[in-house]
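Visitor: Please show me the model. I have a few short questions about it.

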Amino acid sequence: MFLTFLQSAIRFSAVFLFGSVGETLTEKSGNLNLGIPGIMCMGASGAIVGASTYVAAVGGVGGITAWGATLVTIIFALLFSLLGGLIYCVLTATLRCNQNVSGLALTTFGVGVLSFFGGSADTTGFTVISGFFRQSFPIGDNPNWFETLFLSYGCLVYIAIIIAVIAAIVLKKTRVGLNLRAVGENPATADAAGISVTNYKYGATLIGSMIAGLGGLFYIMDQTGGVVEYTIDTYGWMAVALVIFTVWRPNWAILGSILFSILYLLPNYVSVSFAEREVIKMIPYLVTIVVLVITSIVSRRESQPPAALGLSYFREER
Amino acid sequence: MTNIKTDREPLFRIVKRDNIARGKAWGIRIGAVVIAILIGAVVSAILGGGSAFGTFFSGLFEGVFGTPRRILNLFQNTAILLCIALAVAPAFKMRFWNIGAEGQVLMGCLGSVVVIQYLGGQIDNFWLIIVMFLASVAFSVVWAVIPAIFKAKWRTNETLFTLMMNYVAMQLVAICIFAWVPSGSGVLGTLADGRFPLIGGQRYILNIILVAVAAVALFLYFRFSKHGYEISVVGESENTAKYVGINVKKVIIRTMVLSGVLCGLAGLLLVGGTNYSVAVDSVDNRGFTAILVAWLGKFSPPAMAFTSWLYVFIDQGAKNVATLMGMGEAFPDIITGIFFFFVIGCEFFINYKVKFRPRKKKAENPVEEVAS
Amino acid sequence: MAKPVAVQMKGISKFFGEVVANKDVDLTVYEGEILSLLGENGSGKTTLMNMLSGIYFPDEGEVVIEGEPVVIRSPRDAYRYKIGMVHQHFKLVDVFTALDNILLGEEMPRYSVKERAAELKEEAAEPRYVVDNDDAEAPVKTVRATDTKAGRAKLALRTAVLPVVKLFKKAQFNWLPRKRGQKAREIAAKYGFDIDLNKKIYDMSVSEKQTVEIIKVLYRGADILILDEPTAVLTPQETEKLFDVLRNMREDGKSIIIITHKLNEVMEISDRVAVLRKGEFIGAVNTSETSIPQLTEMMVGRKTDLNIHRGDPVGCEERLTVEGLSFTDHEGVQKLKDVSFTARSGEILGIAGIAGSGQRELLETIAGLLRPSKGTIVYHDPATGKDENLVKKSPAKIRELGVRLSFVPEDRLGMGLVGSMDIIDNMMLRSYKRGIPVKIDKKHTVNVPLILDRKRPRQLAERIIQELEVVTPSTHTPVRRLSGGNIQKVLVGREIAAAPTVFMAAYPVRGLDINSSYTIYNLLNEQKEKGVAVIYVGEDLDVLIELCDRIMVICAGKVTGIVDGRTTDKETIGLMMTDSLSSENSEEVAND
């Protein structure tokens, strides 16, 4: 029982992990992208459009192949979320519009896109494609605890963790990461050091958006098993919360997302009243607020948000 | 960027504009709205599978003005959206990025419903509504003022704080509903008590009147009160505020209280004048939409009234278009999304000027290259 | 001058809106020299250098390096031309270590696959000579690596892996190992910097931060170093150390440009001096052939007959007594050191000093905006005869006490006025707290709080526009859109309208044309005649001497003397400004 609970929590955590790693990268460049929930929705819509287009193109369920289906779906999901990120970047980095407002508009847009395509798409064959995404390592019918906890997931869960680890390494251990952090902390300094602030903002936000978009893909194609659901924006906001909770560290986000997911799923596995369920669901947000407040009171320099978060940069500002 | 030769002046440069004629600024904004609607029409033509381009426009207007009921809905929806926009405006004017209107309004709804649940039927409806109002305001103010205190005291990031408060509010509402509805359906049915009286036999009239009053009041507050003036000064420059002896922390907290009061009013209108109930999605993202609308209206109540109206117009019209073309309920969100992108983006052309490389330089360049 | 030219700026102009920051400036920098760029505050030195370092883009003119015109679009371009700048406000990321700040933005050494391939091909085609003993006619035989099939295959393979090699090199360059920054340490050692590169910037003192900035610029391979006011934040000992380092660098063949307005330092360190005045290039001279008076004249301009009317002081009661005032800013720099003086009614007290010597802090401390660490500010109320200590009271509190203190701050739009508000609303900044007057009967009016009164501010705005000849489309024009002179008239007019007993003005004529300046001088004189104690912080010594009754000179936050405006001369003040008169000017400055 407990094992199954933990297993499903780890699986579900991938939604949060994709979202929060994507948002962390974006925020490290100084962009407070409140459009992340929308971008995750766009990733999901991409997956829906990709899968249905593919199924139509191969002439029905019979023609589906594992590689073709997964690749097309992933590519569409990436393209859609890339488009979302691009809209945000053009508005905030090039046109220097207010980040909060642009992000909120993007979320509205993304939610609309998802319900539009989700509502109109032909979902024939989705369960089959979902089967490919959920394909785990070959484990028997009676897996032991190790196999259940570590080998029983579809590819996207592992990809999420790998991306989180890579993101952590890139941020901490490479020049690209160093430069990116400088852009988010103090764009004028980065600029004076010869770093192209705009390029870094675009790069981080677009890559971050694509990572977040995979979260949407994961939810539609793995978590729900090919059934279109419209709750992704809520998970997107939780991913934003997770970024604060993990004080902008993608490697911590791996555990953080599992914790969030445990709290989110816990009500389904313990016998509590409906009201108590909702109390448990509130905990992630409360904990995030507490973390936010504590980091601002303690004001340890390393656990602060990037100093230039939410601000546009214009070099010739006087 | 990288393929431009280093030895050339950049193709264009961005220069900050010091001032722009008001007419020109509005020209740019109106242009953006027009382009947005045109693009909306194109998108709908593509998504709708080649439906006539003109259907979009006729559908848009028919959806808004087609029947008296639709016209009333237009104003009712405008009123609710405007009310929330009015609530976020003071804080934003002060550069306090409160994106928690969703939660603050929801708490207002909860306040009213709590009163109905425990006092409904026991006191006169008029007094019930008064108590509902007080409860709504109290709930919303608490929700608004908590992030403000932390911001004033420790400079806690208010954007993220208020965002989280939204979800805490939603959970609170969910908890209350489960507490009230033992069946566990999670839906609170409509309540018989605490309903606003009909005016002229119509439901939403009182909402519209109250919001109009609030809009005028806020306009007067911004324009003629000391507080409104202090909000502007703090928003424009904290240094100036300190120079003239304004207590910035006090202004932040006081303004968020005001924000909370207006959110409470919006909550009351949603419960007493619209839904007669509360649900997790009672506010239906209008807390976020209102921020966009308020921002587009530059936080001036008359302009916000117009932008709210414009938003509702496009949203409601697009809904009708979607029905006509058989495109599902989500289509309006796409159209309003496009609308927002353009109207937000056009601000760039108001604040900055794009300077292209002078032509003369271009002609000189080859000569110089030969010479060197 | 036999030295080769390092960089040349020709006809450079830069405008910010209607403000001319630089006009047709020509500047030449030679290799292996220290050039001082001298000029008063606001003369466009920093703007000019910002164009060389890629922060700003010039509106007119060109930069010439090695005889070719170049375009510097960004700091990255500047680094490519080996130009690096240490800004006055350091460009460092606080949460990084010094080392990471130095490594920031470094570019990978160029590695072109195409060029490498060509090189390989050339290398392979290189003829090798084999001595063939059997062949008597041609004992030496030419053999090429590409002659054999194996050789050709080897070449093809080596060419083919080049992109991989590049990728690998890229990855290797990108990786930040734990033990990084050997080169930075070597540079630090070479020029004699003593610094722990693993320290976080936020733990560093100002001089350490400056050291990091200099190492950063050197690390990026700059041959032309620009330092903006490098000594402004340093103690004399630290300055000496810095100068030693700069001399080391000059020996190394580097060109160094120091932006400064400190004449004694100019004489001490530089080989040549270039002078800017009001954005224009005045001239360049060799330090060995010039003198402080000549430079002063170039910097501030020829003595002109200003003809400012100066009446005799009237009344002369003590109005404000400042005793032992000290102030330390949040960066730990002591900006005011034991400042004592008295401002008397009916006279103008001038404050002279190099910009940034603590003038701003002094006025803001008196106005209640900054909290001093030590000292007293006593106000003698002429109405009640009571004394009030203003220290640690907020501006609002000071007003409540009935102290009539007006203050025209240096930052007009950032502090004195709100740029986006119109003239009427800006008038209200001072008066809005009073509320609106309501008549209860014929004789009495009551001020209703909470509600704004726009009528009196409008009347005031109209009066100021009329009396001070403010050029504005209407009273509803946002003040930001007015010209500098008109903005200042609005501000000064408002402050005077508050009927002050103490009137403080910081650089009230900065950026103003002659006519507006005279309007301001006349206003100050009027105030003086009304018996107001006027404190005037100025930068133009001629004006100070013509306008003020007494002049207090401060240097690095310390009062170096108070002189009589009628008997003193520019040279004396100039020497006092650099503290060259007092014998021991090497007093330890508390830093951090």
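Visitor: In which helix of chain C does C:V490 lie?

Guide: This is a predicted model. The helix in question spans residues 484–497 of chain C. C:V490 lies in helix α17.

Visitor: Is C:V490 buried or exposed?

Guide: Buried means under 20% relative accessible area. C:V490 has 0% relative accessibility, so C:V490 counts as buried.

Visitor: Which residues does C:V490 touch, not counting those up to four places away in sequence?

Guide: One of them is C:L417, 73 residues apart from C:V490 in sequence. Their C-alpha atoms are 8.9 Å apart in space. The full set is C:L417, C:I423, C:M427, C:I464, C:V470, C:V479 and C:L482.

Visitor: Which residues gather with C:E60 in a patch of negative charge on the surface?

Guide: C:E60 lies in strand β4, residues 60–65 of chain C. Patch members need over 30% relative accessible area. C:E60 is at 40% and therefore counts as partly exposed. Its partners in the patch are C:D24, C:D26 and C:E280.

Visitor: How many helices and strands does chain B have?

Guide: Chain B holds 372 residues. Its C-alpha atoms fill a box of roughly 95 × 60 × 40 Å along the principal axes. The secondary structure comes to 15 helices and two strands.

Visitor: What share of the exposed area of chain B do carbon and sulfur atoms supply?

Guide: Of the residues of chain B, 57% count as buried. The chain still exposes about 15,300 Å². Carbon and sulfur atoms supply 64% of that area.

Visitor: How far apart are the mean positions of the positive and negative charges of chain B?

Guide: Chain B carries 33 positive and 20 negative charges. The mean positions of the two sets are apart by 8 Å.

How values were computed. Residues are numbered from 1 along each chain as its sequence is written. Chains are lettered from A and ligands numbered from 1 in the order in which they are written. This is a predicted model: local features need pLDDT of at least 70, side-chain atom pairs count only at pLDDT 80 or more; totals for chains, interfaces and linings use all residues. Side-chain values use heavy atoms; hydrogens and water are left out. Patches are made of residues with over 30% relative accessible area and no salt bridge: like charges are joined within 9 Å, nonpolar side chains (Val, Leu, Ile, Met, Phe, Trp, Tyr) within 5 Å. Accessible areas come from the Shrake-Rupley method with a 1.4 Å probe; for residues, only the protein chains shown count as cover. A salt bridge is a side-chain nitrogen of Lys or Arg within 4 Å of a carboxyl oxygen of Asp or Glu. Lys and Arg count as positive and Asp and Glu as negative; His and the chain ends are not counted. The place of a charge is taken as NZ of Lys, CZ of Arg, CG of Asp or CD of Glu. Helices (H or I, at least four residues) and strands (E, at least two) are DSSP runs, numbered from the N terminus. Buried means under 20% relative accessible area, exposed over 50%, partly exposed in between (1.4 Å probe, protein chains only). Contact means heavy atoms within 4.5 Å.
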